[in-house]
Amino acid sequence: MPRVTLPSEPVGSLPRPARLQRAVLDAEAGLLDPAELRVEQDRAVDDTLARFAETGSAVITDGEQRRQSFASYPLHAPEAEDASGRGAAGADSRALIDHTRPTLFAVFADGHHRVIPRLAAGPFHYRSLAAEHLGYARARTDLPLKQAVVSASMLSLMYPRDEPIADYPEERFRDDLVAEAERDIRACFAGGAGRVSIDFTEGRLALREDAAHGWAGRAKLTEFIDLNNRVLDRFSPAERDRIGVHTCPGGDRDSAHSADVAYAELIPELFQLRAGYFLVQAQSEPDRDGLGALIGRQLRQLAGAGRAVPRVLLGVTNPLNPRLETAEEVRAQLVAAARFIPAESLGSSDDCGFSPYLVDEKPRHGSPDFAREVAFAKIAARVRGTQLAADELSGGAS
């Protein structure tokens, strides 16, 4: 029997130490010098890289220790700008964004919410790129790095459709957004990332049709997929093989925003995205066999239509729950999934990033520091369990 290889990689973020979270808040309040903040950030990144290596993970990240959030990094000015207002990312940092009238993005199951700022004027440019800090990590590890980026569809929610910008129509904004999203991904590859994944948490949320999420609806999901495909189509097939799309029902403060939305509504649409691979939340799904069967059918349909069949990395750890999954549980989940998904199309990941937002209290864990310990333990179990599953699917080969 040929040897089965099951790739395994993280989504992206890890809990930031409580010390770093305090330092960020102190710096924002003017109580901490920026140089002192950078020391804390460097310390957190160094610790992340070292502990990631200890898990045995073949692909690692810097844990997004310097990011405010998975979605907002393009809106924050680089750390240093010249007198022209243009920073290291090369974008005009004086583009106008209205933070006083944000768009409600998501209401989570525990009642808290997150928002997206409103665009006030164009043209739209990223003020920072996801790759901005890749160089620091690249110089400190020989392991393959990946980088997560925000989707064009998430940032498209910034445009004020209720009050269109007179000299900056939405279609022009979308053209600029697609170009910037491409630039963001290419900068990651140029900066040393071997893989890039696009966060698409808004995909499942778009299927909500309730008063709280006024922007959502099935038509919005179709719009999102079309927009993201405009970005993906700017890359060659070989480049797209290294670009993934991550979907989950959200993960913030140990709470989700759309776990009750059926995957059966999303998966057929999700696989219309022309990405090389997908990272799909699965461990916390109540019907994993149903999800596996659904994914398997979609992969067969793609093959039947003559399209490339992507790899699917299933989430095998749940960042919202402090209970540790064992390596044996990970093995069993992947072996069970292989009944529906061909082993050559299967892999593993975590359900979600462990802390998509920098300031994350982690109430179910008790503290960010404990959540950080749990996260690395879960990653180690994922790595070991994935290897056990590959051995079993290979007929017990060692």
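Here are some worked exercises on this predicted model.

**Exercise 1. The nonpolar cores**

Find the largest nonpolar core, name the residues with the most contacts inside it, and then list the partners of F124.

*Solution.*
- Start with the size: the largest nonpolar core holds 96 residues.
- Next, pick out its best-connected members. The residues with the most contacts inside this core are F124, I185, L270, F271, V280, I295 and L314.
- Now select F124 and set aside its neighbours within four places in sequence. F124 is then in contact with L75, L119, L155, M158, Y168, F173, D176, L177 and E180.
- Finally, look for another core. A second, separate one has 7 residues, including L20, L37, A44 and L358.

**Exercise 2. Strand β7 and its partners**

Which strands pair with β7, and in which sense?

*Solution.*
- Locate β7 at residues 311-315, and check how covered it is: 4 of its 5 residues are buried.
- Turn to strand β6, residues 277-280. β6 and β7 pair in the parallel sense over 4 bridges, and L279 stands opposite L313 in β7.
- Follow the chain from β6 to β7. The path goes through helix α10, residues 288-304, and this β-α-β crossover is right-handed.
- Move on to strand β8, residues 346-349, which pairs with β7 in the parallel sense over 4 bridges. Here L314 stands opposite S348 in β8; L314 is also among the residues with the most contacts inside the largest nonpolar core.
- Close with the connection: β7, helix α11 (residues 327-337) and β8 make a right-handed β-α-β unit.

**Exercise 3. A pocket and a cavity**

Describe the second largest pocket and the largest cavity by their volume and lining.

*Solution.*
- Begin with the pocket, whose space is about 520 Å³.
- Its lining consists of 23 residues, and Q68, S69, S72, R114 and Y357 lie nearest the centre.
- Assign the lining to elements. At least two residues come from each of α1 (18-28), β1 (97-107), β2 (113-119) and α4 (152-156). Of the elements, β2 gives the largest share, 4 residues.
- Then count the enclosed spaces: there are 2 cavities of 30 Å³ or more.
- The largest cavity contains about 160 Å³ of space. It is lined by 20 residues, and F70, D199, T201, C352 and P356 are the closest to its centre.

**Exercise 4. Backbone exceptions**

Where does a cis peptide bond occur, and are R253 and K362 buried or partly exposed?

*Solution.*
- Recall the background: most residues other than glycine have a negative phi, and most peptide bonds are trans.
- Go to G122 and P123. A cis peptide bond joins them, with omega at about 0°, and P123 is found in the loop between β2 and α3 (134-138).
- Now consider R253, which has a positive phi of about 55° although it is not a glycine. R253 lies in the loop between β5 (243-247) and α9 (263-270).
- K362 likewise has a positive phi of about 55° without being a glycine, and is found in the loop between β8 and α12 (368-393).
- Use the cut-offs to classify the two: buried means under 20% relative accessible area, exposed over 50%, and partly exposed in between.
- R253 has 27% relative accessibility, so R253 counts as partly exposed. K362 has a relative accessible area of 2%, so K362 is buried.

Notes
Residues numbered from 1 in each chain as written. Predicted model: local features only at pLDDT ≥ 70, side-chain atom pairs only at ≥ 80, totals over all residues. Heavy atoms only, no water. Core = buried A, V, L, I, M, F, W, Y, C linked by side-chain atoms within 4.5 Å. Buried < 20%, exposed > 50% of the residue type's maximum accessible area, 1.4 Å probe, protein only. Contact = heavy atoms within 4.5 Å. Pairing = 2+ DSSP bridges. Right-handed = clockwise from strand over helix to strand, strands pointing away. 1 Å grid on protein atoms, 1.4 Å probe; cavity = no way out; pocket = protein on both sides within 12 Å on 5 of 7 lines; lining within 4 Å. Points joined across faces, edges and corners; volume = space filled by probe spheres on them.
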